[in-house]
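Have the sequence and the model side by side. The tour below starts at one helix, moves to the ligand and ends in the loops.

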Amino acid sequence: MTVSSLESLAIFGGPPAFTEPLHVGRPNMGERERLLERIGDILDRRWFTNSGPYEQAFERRVREYCGVRECVATCNGTIALELLMRAVGMRGEVIVPSYTFVATAHALQWQEIRPVFCDVDPQTHTLNPDRVRELITPNTTGIVGVHLWGQPCDVNSLEAIAREHDLQLIFDASHALGCTGQGRPIGGFGRAEVFSFHATKVLNTFEGGAIVTDDSELAGKLRLMRNFGFESKDRVVYLGSNGKMSEICAAMGLTGFDAIEDFIERNRTNFEAYRQQLEPLNGLSVLQPPVGERSNYHYVVIVVDPEQAGLTRDELVRVLEKENVLARRYFYPGAHLMEPYRSGQPMAGLVLPVTNELSSTVMTLPTGQAVDAEAIGRIGEILRMALANPELVRECLAK
Ligand code: T4K
């Protein structure tokens with residue numbers, strides 16, 4: 001359906017612009033035939049998990065892609081974070097943004113480490129190093145930076161703070177495969193970095209994750225921890241868990257890697273189409289990757305200024321939802337407003353003005369293989385129409 005007039009918007013009773021929902025997070029897929037071949041081979045070999053040949057090949061691909069010495073593939077990004085936090089000796093208090101997916105904080109809290117929520121920079125949406133300094137106490141053992149949306153953290157400043165205060169610095173790079181910071185691939189900063197390969201990520205292994213690092217000793221420890229602490233048959237030398245990546249997940253990841261440049265190019269084209277559609281609209285701004293850095297463009301992040309736009313982020317999300325465009329309010333509310341932090345740290349929000357602002361004004365829009373320029377044109381038209389008539393839209397939504 002086209003959106004030709006205000007009355008044709010679905011909130012006013014018109015048919016939705018899309019018959020099938022457009023999701024943020026529709027999985028990207030490589031060549032189906034190649035994946036099925038690989039799965040056939042796995043079934044023939046009857047080697048399904050425990051560091052099989054596909055998992056090893058996947059780890060090699062990640063290492064080469066990120067230019068790092070070590071990769072430890074895992075069953076998901078959350079377990080990867082938990083293993084890494086434990087392996088580097090985080091305990092007591094660890095400084096972390098609240099403006100992130102809640103898994104970053106949960107991975108700490110799960111091991112009874114207190115996440116100390118820190119505010120982010122309004123331009124980059126990543127940890128503000130000046131705010132980090134203010135939160136350091138004698139109990140602080142580490143910092144977890146998050147390259148949110150693939151935007152690189154201010155790695156130089158965070159590394160300087162970590163050195164100065166003898167803190168462990170790791171990065172949650174769940175969104176950042178294929179991105180750079182300081183012109184270098186994400187993956188090589190801090191003691192180690194963690195990727196997520198969840199279905200919704202630029203490259204997916206159905207579920208999956210990985211820890212990458214140049215520190216071979218740390219990687220060795222992580223490999224033990226990922227496999228119950230088994231050093232060899234019958235010999236356990238460390239407290240471990242089960243964080244292994246299965247062969248079928250690795251096969252999916254390898255198939256994705258064969259097509260990763262296509263995934264990123266599609267995202268980039270979509271991003272440019274969104275910019276063209278949305279930048280002329282008053283009150284909407286499209287978050288740009290930093291100049292000179294490579295991005296995977298996997299999240300299309302729109303900041304809504306309600307004063308200028310005449311409508312709030314939540315109102316626009318509702319308008320889009322009626323059209324079957326399922327924009328997401330990532331990351332709303334901030335992690336500090338989710339349990340157990342909401343009850344356990346009721347004052348945390350006092351030092352998080354930027355987080356509070358972003359979590360109420362940001363929406364992410366669908367991209368990836370499932371979206372094309374024509375769909376983005378229609379999304380642009382919906383938003384243009386709604387923003388040209390804010391009073392009527394608000395009145396209609398209030399009914
Ligand atoms: N750190 C950060 C910064 C993260 O963003 C994440 C994960 C992690 C750590 C933890 O990594 P993992 O342990 O997950 O590997 C999603 C994802 O579940 C989550 O992985 C991701 N971040 C987060 C940003 O988004 P939800 O609950 O918001 O969305 P979900 O999973 O319902 O999927 C979104 C939409 O995607 C669905 O509405 C439909 C579509 N979809 C989803 C799946 C799973 C599909 O079309 N097909 C699918 O198979 O969390």
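**A helix, a ligand and some unusual backbone**

On the other side of helix H1 from its buried residues, Glu33, Glu37 and Asp44 are exposed. The model is predicted. The buried residues of H1 are Leu35, Arg38, Ile39 and Ile42. Seen down the axis of H1, these buried residues fall within an arc of 100°, so they line one face of the helix. Part of their cover comes from other helices, including H2 (53-66) and H8 (247-258).

Now check the length of H1. The helix has 14 residues, 32-45. At 1.5 Å a residue, it should span 20 Å. Its end C-alpha atoms are 20 Å apart, which agrees. Arginine 46 follows H1, and its phi is positive, near 55°.

Next, the ligand. It is surrounded by 25 residues. The closest are Arg26, Thr78, Asp172, His175 and Tyr330. Polar atoms of the protein also approach the ligand at several points. Histidine 23 places a polar side-chain atom 3.4 Å from an oxygen atom of the ligand. Valine 24 uses its backbone: a polar atom there is 3.3 Å from a ligand oxygen atom. For serine 174, an N or O atom of the side chain lies 3.2 Å from a nitrogen atom of the ligand. How much of the ligand does the protein cover? On its own, the ligand has 910 Å² of accessible area, and the protein covers 75% of that.

Tyr330, one of the closest residues to the ligand, leads on to the backbone. A cis peptide bond joins tyrosine 330 and phenylalanine 331, with omega about -10°. Phenylalanine 331 sits in the loop between strand S15 (325-326) and helix H12 (341-344). Proline 340 lies in the loop between S15 and H12 too. The peptide bond from glutamate 339 to proline 340 is cis, and its omega is near 5°.

Two loop residues remain, each with a positive phi. Aspartate 166 is not a glycine, yet its phi is near 55°. It lies in the loop between helix H6 (155-165) and strand S6 (168-172). Is aspartate 166 buried or exposed? Its relative accessibility is 71%, so it counts as exposed; the cut-off for exposed is over 50%. Phenylalanine 206 has a positive phi of about 65°, and it is not a glycine either. Its place is in the loop between strand S9 (192-196) and strand S10 (209-213). At 37% relative accessibility, phenylalanine 206 counts as partly exposed.

Definitions and conventions
Residues numbered from 1 in each chain as written. Predicted model: local features only at pLDDT ≥ 70, side-chain atom pairs only at ≥ 80, totals over all residues. Heavy atoms only, no water. Helix = DSSP H or I, 4+ residues; strand = E, 2+ residues; numbered from the N terminus. Expected span 1.5 Å × (residues − 1). Buried < 20%, exposed > 50% of the residue type's maximum accessible area, 1.4 Å probe, protein only. Arc of directions from axis to C-beta. Contact = heavy atoms within 4.5 Å. Near = heavy atom within 4 Å. Polar contact = N/O pair within 3.5 Å; in protein donor to acceptor, adjacent residues only side chain to side chain. Areas by Shrake-Rupley, 256 points an atom, 1.4 Å probe, with all protein chains shown as cover.
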